[in-house]
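I'm opening a fresh page for this one. Plan: get the overall picture, then look up a few residues.

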Amino acid sequence: MLQGWDNATIAGAVMYIKKEFKLEGDPTTEGLIVAMSLIGATVITTFSGPLSDSIGRRPMMIMSSILYFASGLVMFWAPDVHVLLLARLLDGFGIGLAVTLVPVYISETAPAEIRGLLNTLPQFTGSIGMFLSYCMVFGMSLTKSPSWRMMLGILFMPSLVYLALTVLFLPESPRWLVSKGRMNEAKKVLQALRGREDVAGELALLVEGLGSSGDTSVEEYIIGPASGESSTRKGQIRLYGPEGGQSLIAKPVTGQSTFGIVSRHGSIVNQSMPLIDPVVTLFGSVHEKVPGETGSMRSMLLPNFGSMLNNMAGDQQGKEDHWDMESQKEGDGDASDPEADYEETLKSPLLSRQTSTTVDKDVVSRRGSSIIMRPNAAGETVSATGIGGGWQLMWKRTERVDGTGKKEEGYQRIYLHQDGADAHQHGSSLSVPGGEMQGEGEYIQAAGLVSQSALRIGSFPIGSEVMRPTEKATKGPSWKEIFEPGVKRALFVGMGIQILQQFSGINGVLYYTPQILEQAGVGVLLSNLGLGSASASLLISALTTFLMLPSIGIAMRLMDVAGRRSLLLSTIPVLIISLIVLVIGSLVNMGSVANATISTISVVAYFCCFVMGFGPVPNILCSEIFPTRVRGLCIAICALTFWIGDIIVTYSLPVMLTSIGLGGVFGAYAIICIISWIFVFLKVPETKGMPLEVISDFFAVGAKQPDAADL
């Protein structure tokens, strides 16, 4: 809201600044007053990402609110141009931090199901800020001696609210806390945000998000019921149903099943349109139509992995002891424990294993905030927790032999999701490569993203073995990590969508809206009401901003329903048509009334569709597609691209107007929008409803596909 407020206020105040400081003949200084905040935002963005990865999201947002407050006070006092320029620079620092970090913070704290809606909120509140600011400046313009210092300086009042919110109410991002090993703090934040005590599943997910996605592979499973322990064979993973005595098993599929499983790898490589990025195809396969609610398996199985294990744990309550996360913390601090000095917040493990001789240490199940091991006839460990968006997090214990012949125990984590294909089958057995799935009931097809877990097993000389984040997982970000294939692919998408947004014409259309509407006769109508040209221009801008609000409200509703990619693909064509109509209106004389009407409709349509798609989506995408360990760094790179593009467009616009005219400018913007649509269609995946950790894994898997396709 403060960013929108500031942008609109300087647009109105600069008219009065020019008069006081006599800048009518000095366009350089005038332009510098407006652009100084842009320069400040560009400079601070260079450092904001790495700093936020180092000291946290919350301190940087507090710093942003302080900079807003200080700049407002200095602008309110500014005795000359030089002090005003300094104040605008401080203001730019605050804007740069907010624009970079707010989408990151929202994405890291919001549930996957409403992440798009909440990340569209800044666009909505920004437009509200612009509207309120225009109304304020319009009201001041009606006075005898409008004060530009009051217009600009009043910014310090809402910035006090921002400062109070960040200091008193804003928790640190739980993902950042986990990345620093501060597990207990992250747990408390998640409990407060989610409104429940049991956040073990999500906490485990955040730890897994710290691992590298470079070794991620895609595996297919057939999941179905099992009649008993004897039906679980080697290589099968046993899951437990929501009702007592009901079991479910998952069988990895290594080939073609009897009811037509298509490997995700095959479907990616053998695309009908080879120009489409494999990442787009892979994401799209998740959002394909899922089988209907017919057959209780879908409604019973996938949404209830976590509850299955909870029920199993409940059935075993009186039979086995378990450790709670906090009680384990106390146990780890025993004086005889050589690791008692290990960082306090890492003493509380995510997963624990019992060493009791009465319990085989194989199958993991979850109860409350602890995850404990239970026997599995197949000799494998498995746990499952829901992580949002229909995804489930599972672990499987693995063993490998090192160079000395010693067995090393480890864990693989699996992000599991039901396939969109119609994979239901009834019967007592189902043939799959490597064996048969036994049991009465239905079977479903699921795909999993499998990678080495970011959890490690630590062994104490005395006491139980516990699982902790690996040392590598808690290390800080490294520049070399942005050159991993998946991260590079995500950076290409993020930087590309940001630069195309800037070149799509929003600044040009916004700047010339008063002129276009003036041609439509709105200015003449307002002047007949006794308004001066400056007041009429401000009122026109306020009305234009007000028209954006319903469109943004629609976008907020659709962002998690239709999705980011779908909104871009459906709204960019309207931008193209609107710009082409503006070109025709500037080149062809169809009569003043016709030209004015068509131009007005085109401007309104352009703004409404821009704020539904190309306005909010680039920032949303950039806050979602990068791994936790380098998210701040990559966001800073994308934000820097945004500001550089903004500078190029702002300063190239007058030159383009002189050389090719207004029609040529709008024509160039239309061409860029066509390129943007092609770029989105080929390169931008659909990320709605997916956990951030799954998104980064998908980029890693998709980045490997071109190599596979060339073999």
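**Surface first.** I looked up what the protein shows to the outside: about 28,200 Å² is exposed. Carbon and sulfur atoms supply 63% of that area. Note to self: this is a predicted model.

**Burial overall.** I counted along the chain next. The protein has 711 residues, and 56% of them are buried.

**Helices and strands.** How many of each are there? I find 24 helices and 13 strands.

**Contacts across the sequence.** I took the contacts between residues at least 6 apart in sequence. Of these, 75% join residues at least 24 apart.

**R88.** I went to helix α4, which covers residues 81-109, and picked out R88 there. Is R88 buried or exposed? It counts as buried, because its relative accessibility is 1% and the cut-off for buried is under 20%.

Then I checked what the R88 side chain pairs with. One polar contact goes to the side chain of D6, at 3.1 Å. Another polar contact, with the side chain of S37, is 3.1 Å as well.

I also listed who else touches R88, skipping neighbours within four places in sequence. D6 and S37 turn up again, along with I10, I33, V34, M36 and M75.

**A670.** Next I jumped to helix α23, residues 631-683, where A670 sits. A670 has a relative accessible area of 4%, so I put it down as buried.

Which residues does A670 touch, leaving out those up to four places away in sequence? I get I576, L579 and I580.

I also looked up the spacing between A670 and P573. They are 97 residues apart in sequence, yet their C-alpha atoms are 9.5 Å apart in space.

**I580.** Since I580 came up as a contact of A670, I followed it. I580 belongs to helix α20, which runs over residues 564-587. That makes the A670 to I580 contact a link between helix α23 and helix α20.

Why is I580 partly exposed rather than buried? Its relative accessibility is 41%, and partly exposed covers what lies between the 20% and 50% cut-offs, so I580 falls in that class.

Last check on I580: G667. The two are 87 residues apart in sequence, and I get 6.5 Å from C-alpha to C-alpha.

**Recap for the page.** R88 is buried at 1%, A670 is buried at 4%, and I580, which touches A670, is partly exposed at 41%.

Terms used
Residues numbered from 1 in each chain as written. Predicted model: local features only at pLDDT ≥ 70, side-chain atom pairs only at ≥ 80, totals over all residues. Heavy atoms only, no water. Helix = DSSP H or I, 4+ residues; strand = E, 2+ residues; numbered from the N terminus. Buried < 20%, exposed > 50% of the residue type's maximum accessible area, 1.4 Å probe, protein only. Contact = heavy atoms within 4.5 Å. Areas by Shrake-Rupley, 256 points an atom, 1.4 Å probe, with all protein chains shown as cover. Polar contact = N/O pair within 3.5 Å; in protein donor to acceptor, adjacent residues only side chain to side chain.
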